[in-house]
Amino acid sequence: MRILVIGSGAREHALAYSLSLDPQVEEVHVSPGNAGMTAVATVHPEGEPLELARDINADLVVIGPEIPLVAGVADVLRDAGFAVFGPSEAAAQIEGSKAFAKDVMARAGVRTARALEVPVGCTEKFKVDALTEFGPTYVVKDDGLAGGKGVVVTTDKQEALDHIASVHAAGNPVLLESFLDGPEVSLFCLVDGETVVPLLPAQDHKRVGDNDEGPNTGGMGAYTPLPWLPENGVQRIVDEVVEPVAKQMVADGVPFSGLLYAGLAWGEDGPAVVEFNCRFGDPETQAVLDLLKTPLAGVLAAVANGTLGELPPLEWEDGYALTVVLAAEGYPEKPITGQPITGAEPGSEDRGVRAAGVARKDDQTVSAGGRVLNVIGKGQTLEEARTRAYGVMETITMPGGHYRSDIALPAVEGRIEV
């Protein structure tokens with residue numbers, strides 16, 4: 001198989017690496033990719049997806065990020081005869097529009113936060129009254145694509161008002177939500193119409209600093225599986241959340257095909273949806289894929305070709321995987337780029353390195369984004385996986401670089417309860 005992966009982050013690096021290990025795969029191509037992927041894929045920094053797919057005669061196109069999915073790139077490729085892993089433009093609205101997702105969940109009977117739209121152009125009184133109704137913990141969401149950084153959760157009403165103003169200034173409406181208590185769960189599910197196959201549950205760490213302090217980011221680390229999740233937890237999420245939504249979307253004439261990511265809070269009554277994504281999440285993907293024993297290409301192709309229901313049960317390694325993100329100085333507000341990196345040169349995949357915001361300059365790997373790279377560690381215990389990931393991270397240097405030291409630590413110390 002010849003596979004084209006669309007995207008440039010650590011998620012796409014993880015996908016390309018897993019696909020490169022699959023004996024069915026002859027070639028892996030990535031566009032636009034990044035300089036850290038060159039050992040596992042042919043990188044095409046420039047190129048239009050349809051033209052590239054034709055040039056390499058791709059057997060499968062895997063679309064990683066949400067922006068091309070919401071823009072309808074999957075439809076263009078499918079119309080041209082290519083097998084595509086990723087939902088249609090219409091189905092991708094499950095992530096592209098929070099209001100769309102809320103409507104689907106309401107009709108599917110899925111538990112989620114109560115919500116209210118704050119439209120562009122509304123009065124200050126409307127905003128203040130709405131916040132008063134939804135306080136004292138304010139959940140303010142950009143009703144559009146924001147790369148995982150469009151949400152502010154705060155007890156400071158002025159901070160909430162400021163975020164509403166910034167979202168409105170960008171031309172997007174805001175969604176206020178009631179706060180959902182309980183630890184968060186990320187569950188990736190392969191979805192082909194009404195057929196749902198879950199992957200391992202994971203937990204992301206969104207805040208930039210230890211102890212969940214500082215602003216939200218695209219994700220600073222993740223681990224899988226979750227030792228604190230009830231034994232029937234994954235099945236409950238499938239039964240109560242993902243399957244009802246998948247069936248509702250089929251009934252609505254917008255069937256979902258690809259990876260449906262349910263972000264949930266596990267409260268006293270079980271799972272409630274925080275958000276849906278229409279693609280693999282970053283950084284959870286890096287940890288989850290590293291434990292998958294079933295060759296990845298056949299799994300993604302089964303979804304793309306509509307044969308997910310015929311796929312044998314997925315096989316997983318025993319143990320745990322954990323990933324830690326190395327971020328640039330100033331991230332997430334104003335990351336500083338161009339800093340030299342040592343210890344994470346192309347070809348470092350066997351050390352668990354997955355590159356994101358990197359480039360090559362004068363034969364040196366340098367930073368080229370906010371989240372620069374991440375490191376994966378595996379172990380029979382979560383503590384062992386932590387030790388291995390941080391052990392490798394300590395060998396990587398980058399001026400001003402920073403990472404959280406507490407990924408999965410609450411779980412290791414038994415501080416998460418449901």
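**Notebook: a four-stranded sheet and its helices**

I began with one residue pair: Lys141 stands opposite Leu175 in S9. I note that the model is a predicted one.

I then looked up the strands around this pair. Strand S7, residues 138-142, and strand S9, residues 174-177, pair in the antiparallel sense over four bridges. Both strands appear in an open sheet of four strands, for which I recorded the order S6-S9-S7-S8 and antiparallel pairing. Strand S6 (115-118) and strand S8 (151-154) stand at the edges. Each edge strand has a single partner strand, so one side of each is left without a neighbour in the sheet. I entered an average twist of 20° from one strand to the next.

Next I checked which helices lie across these strands. Helix H8, residues 157-169, lies across S6, S7, S8 and S9 and runs at about 10° to S7. For H6, I found that the helix lies across S6, S7 and S9, running at about 45° to S9.

My last entry concerns H6 and a second helix. The axes of helix H6 (residues 98-108) and helix H9 (residues 233-251) come within 9 Å and cross at roughly 100°. I therefore entered H6 as roughly perpendicular to H9, since angles of 65 to 115 degrees count as such.

Which residues of H6 meet H9? I listed Phe100, Val104, Met105, Arg107 and Ala108 on the H6 side. Their counterparts in H9 are Pro244, Val245, Gln248 and Met249. By class, I recorded seven nonpolar residues, one polar and one charged in the contact of H6 with H9.

How values were computed
Residues numbered from 1 in each chain as written. Predicted model: local features only at pLDDT ≥ 70, side-chain atom pairs only at ≥ 80, totals over all residues. Heavy atoms only, no water. Axes fitted to C-alpha atoms, helices over the stretch in contact; angles between N-to-C directions. Helix = DSSP H or I, 4+ residues; strand = E, 2+ residues; numbered from the N terminus. Parallel < 35°, antiparallel > 145°, perpendicular 65-115°, else oblique. Contact = heavy atoms within 4.5 Å. Nonpolar A, V, L, I, M, F, W, Y, C, P; charged D, E, K, R; others polar. Pairing = 2+ DSSP bridges.
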